[in-house]
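Here are some notes to read beside the model, written for someone meeting such a structure in a first course. Please keep the sequence and the 3D view open while going through the points.

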Amino acid sequence: MKKIGIFYGSTTGTTKKVAHDIGRILGVSEADIHDVASTPPSDVGGYEVLVLGSSTWNDGALQDDWYDFLAGMSVLDLSRKYVAVFGCGDETMSDTFCSAVGEIRNRIKDTGAKLIAPYDVVGYHFEHSGAVAENAVEAEGLLLDEVNHPELTAPRIAGWCALISEVAKG
Ligand SMILES: Cc1cc2nc3c(=O)[nH]c(=O)nc-3n(C[C@H](O)[C@H](O)[C@H](O)COP(=O)(O)O)c2cc1C
């Protein structure tokens, strides 16, 4: 079993809560769930599978605490690591829904990390997201809307975590 670490940035606590829900499903202990506001980027070195979560703010921007963390992470050699990304947003911000998920992926693309667990966006209602390439049916990670559709979060998390568990087992 590969060791999984969860790293999140959260301004009002939503992504933090979701990070812990994901942790429970994946069997990740509390000590391996990290707030990026108070964690050095080098801590990713202790894990083989990294689950990264950010809310989206201000027309598609990363949650604030991610900027410094990603700057530190982007210079590391992550070529032996798997990375899955999730985000919390608001579908009514229809042009930038969960765009931070795409932003994280862009910022770590030169690290050599293997990006895993893209996820279906069928049943969502938004026009554009930085996490979904033109004409794609999958987002580059798990997109969640706790503002308008909290009832959809648990099944979405369950489906997405199954993809991560497969990789962690292999
Ligand atoms: C001022 C403001 C700007 C926001 N901008 C976006 C946005 O561009 N895209 C999006 O999907 N959600 C946006 N949101 C919604 C937040 O991402 C959402 O409320 C999220 O659950 C907050 O998570 P956090 O508490 O973990 O930071 C915005 C919310 C506020 C209050």
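1. A backbone N or O atom of T56 lies 2.7 Å from an oxygen atom of the ligand, a polar contact in the sense used here, that is, a pair of N or O atoms within 3.5 Å (within protein, one must be able to donate a hydrogen and the other to accept it, and residues adjacent in sequence count only if both atoms are side-chain atoms). The protein covers 82% of the 650 Å² of accessible area that the ligand has on its own, with areas taken from the Shrake-Rupley method with a 1.4 Å probe.

2. Before going further, please note that this is a predicted model, in which local features need pLDDT of at least 70 and side-chain atom pairs count only at pLDDT 80 or more, while totals for chains, interfaces and linings use all residues. Residues are numbered from 1 along each chain as its sequence is written, and side-chain values use heavy atoms, with hydrogens and water left out.

3. Two side chains also reach the ligand: a polar side-chain atom of S10 lies 2.6 Å from one of its oxygen atoms, and an N or O atom in the side chain of T15 is 2.6 Å from an oxygen atom of the ligand.

4. Around the ligand there are 20 residues, of which S10, T12, T15, S55 and T56 come nearest, where a residue counts as near if one of its heavy atoms lies within 4 Å. Helix 1 (14-26) and strand 3 (49-57) each supply at least two residues of this shell, and the largest share, three residues, comes from strand 3; helices (H or I, at least four residues) and strands (E, at least two) are DSSP runs, numbered from the N terminus.

5. Which residues of the shell are nonpolar, polar or charged, and how many are there of each? The shell divides into six nonpolar, twelve polar and two charged residues, with Ala, Val, Leu, Ile, Met, Phe, Trp, Tyr, Cys and Pro counted as nonpolar, Asp, Glu, Lys and Arg as charged, and the others, Gly among them, as polar.6. The largest pocket (on a 1 Å grid over the protein atoms alone, an open set of points where a 1.4 Å probe fits, with protein on both sides within 12 Å along at least five of seven lines; lining residues have an atom within 4 Å of a point) is lined by six nonpolar, twelve polar and three charged residues, and strand 3 gives the largest share, three.
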